[in-house]
Amino acid sequence: MDRLTAGHWKAWRLSLRPTSNGYTKYPTIASLLQMDTRLAQPVREAMAQGFAWSPGREQAYAPDEFDQIRLAARRTFRAALLRIRENTAHLASRRQAAFAPDSQEWLLGEALDVLARTGDVPVYENRRTVRKRYRPALVGGGSEYTWKRSTSAARRQPRWPCSSSSSSG
């Protein structure tokens, strides 16, 4: 008890969560500890200082801003779903030998097969770039091109609202 400092008390006070349990825990522990005569005066003074949690600083989005976010999310996920369905169908066609060997469609199917088996497109391990053989089929060598392989996917990506403070009005 004699080693408890005002700094320890303040640190513990700051660690309490802003819940009813944390709110009642503070005065209960303070009153219990103040009964001990070995408690130093600076700690008693720190305990005497009441505290209240500050109100949250987050603000909810306005309904129209939230609608814009939901619409953008819906478009993004819809585009992703369509690409996944398209790639799944392409992979199934490749596994049924529907493409001529070494054609662009066959290379894309092989890259999708590698992706399905390993969780990654065929890359050089030391540089993490797409293997040269697959670049034309995957529309480029970087991952930003690989994941947007469908022809209009890059144009279909909606812009997300940056924050509620950036809206015009």
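1. D113 is a buried residue, its relative accessible area being 11%. In this predicted model, D113 has R95 as a salt-bridge partner, with 2.7 Å between the closest N and O atoms. That pair connects distant parts of the chain, since R95 belongs to helix α4 and D113 to helix α5, 18 residues apart.

2. D113 also meets R94 in a salt bridge, at 4.0 Å from N to O. Here D113 is in helix α5 and R94 in helix α4, so this pair ties together parts 19 residues apart in sequence. Both D113 and R94 are buried.

3. Which residues does the network of salt bridges with shared partners join? R94, R95, D113 and R117 are joined into one network. The salt-bridge count for the model is six.

4. Another of the salt bridges pairs R133 with E110, the closest N and O atoms being 3.6 Å apart. R133 sits in the loop between β2 (129-130) and α6 (143-146), whereas E110 is in helix α5, and 23 residues separate them, so that distant parts of the chain are linked. The two ends differ in exposure: R133 is partly exposed at 41% relative accessibility, while E110 is buried at 15%.

5. As for the overall fold, the protein contains seven helices and two strands, in the order α-α-α-α-α-β-β-α-α along the sequence. Of its 169 residues, 27% are buried. Among contacts with a separation of 6 or more, 48% are between residues 24 or more positions apart. The exposed area is about 12,300 Å², and 54% of it comes from carbon and sulfur atoms.

6. Helix α4 covers residues 63-95, which is 33 residues. From first C-alpha to last it reaches 47 Å, close to the 48 Å expected at 1.5 Å a residue. Its buried residues are E65, I69, A72, A73, T76, A79, R83, H90, L91 and R94. A97, which follows α4, has a positive phi, near 60°.

7. The largest nonpolar core consists of twelve residues: L91, W106, L107, L108, A111, L112, V121, V123, V130, Y134, A137 and L138. Helix α5 (residues 104-118) contributes the most to this core, with five residues. One core member, A111, contacts P122, Y134 and L138 once neighbours within four places in sequence are set aside.

8. Apart from the largest core there is another, of ten residues, including W9, L16, A30 and L33.

9. How many aromatic pairs does the structure hold? There is one aromatic pair. It is formed by W9 and W12 and is tilted, with 5.0 Å from centre to centre and 45° between the planes. Both tryptophans lie in helix α1 (residues 6-15), three residues apart, or about one turn of the helix. W9 is buried, at a relative accessible area of 3%; W12, at 27%, is partly exposed.

10. L39 is located in the loop between α2 (20-34) and α3 (41-48). Is L39 buried or exposed? With a relative accessibility of 5%, L39 counts as buried, because the cut-off for that class is under 20%. Beyond residues up to four places away in sequence, L39 touches M1, L4, L33, Q34, R44 and M47. Its C-alpha is 8.8 Å from that of T5, although 34 residues separate L39 and T5 in sequence.

Terms used. Residues are numbered from 1 along each chain as its sequence is written. This is a predicted model: local features need pLDDT of at least 70, side-chain atom pairs count only at pLDDT 80 or more; totals for chains, interfaces and linings use all residues. Side-chain values use heavy atoms; hydrogens and water are left out. Helices (H or I, at least four residues) and strands (E, at least two) are DSSP runs, numbered from the N terminus. Buried means under 20% relative accessible area, exposed over 50%, partly exposed in between (1.4 Å probe, protein chains only). Contact means heavy atoms within 4.5 Å. Accessible areas come from the Shrake-Rupley method with a 1.4 Å probe; for residues, only the protein chains shown count as cover. Rings of Phe, Tyr and Trp (its six-membered ring) pair if their centres lie within 6.5 Å; planes under 30 degrees apart count as stacked, over 60 as edge-to-face and the rest as tilted. A nonpolar core is a set of buried Ala, Val, Leu, Ile, Met, Phe, Trp, Tyr and Cys residues joined through side-chain atoms within 4.5 Å. The expected span of a helix is 1.5 Å times one less than its number of residues. A salt bridge is a side-chain nitrogen of Lys or Arg within 4 Å of a carboxyl oxygen of Asp or Glu.
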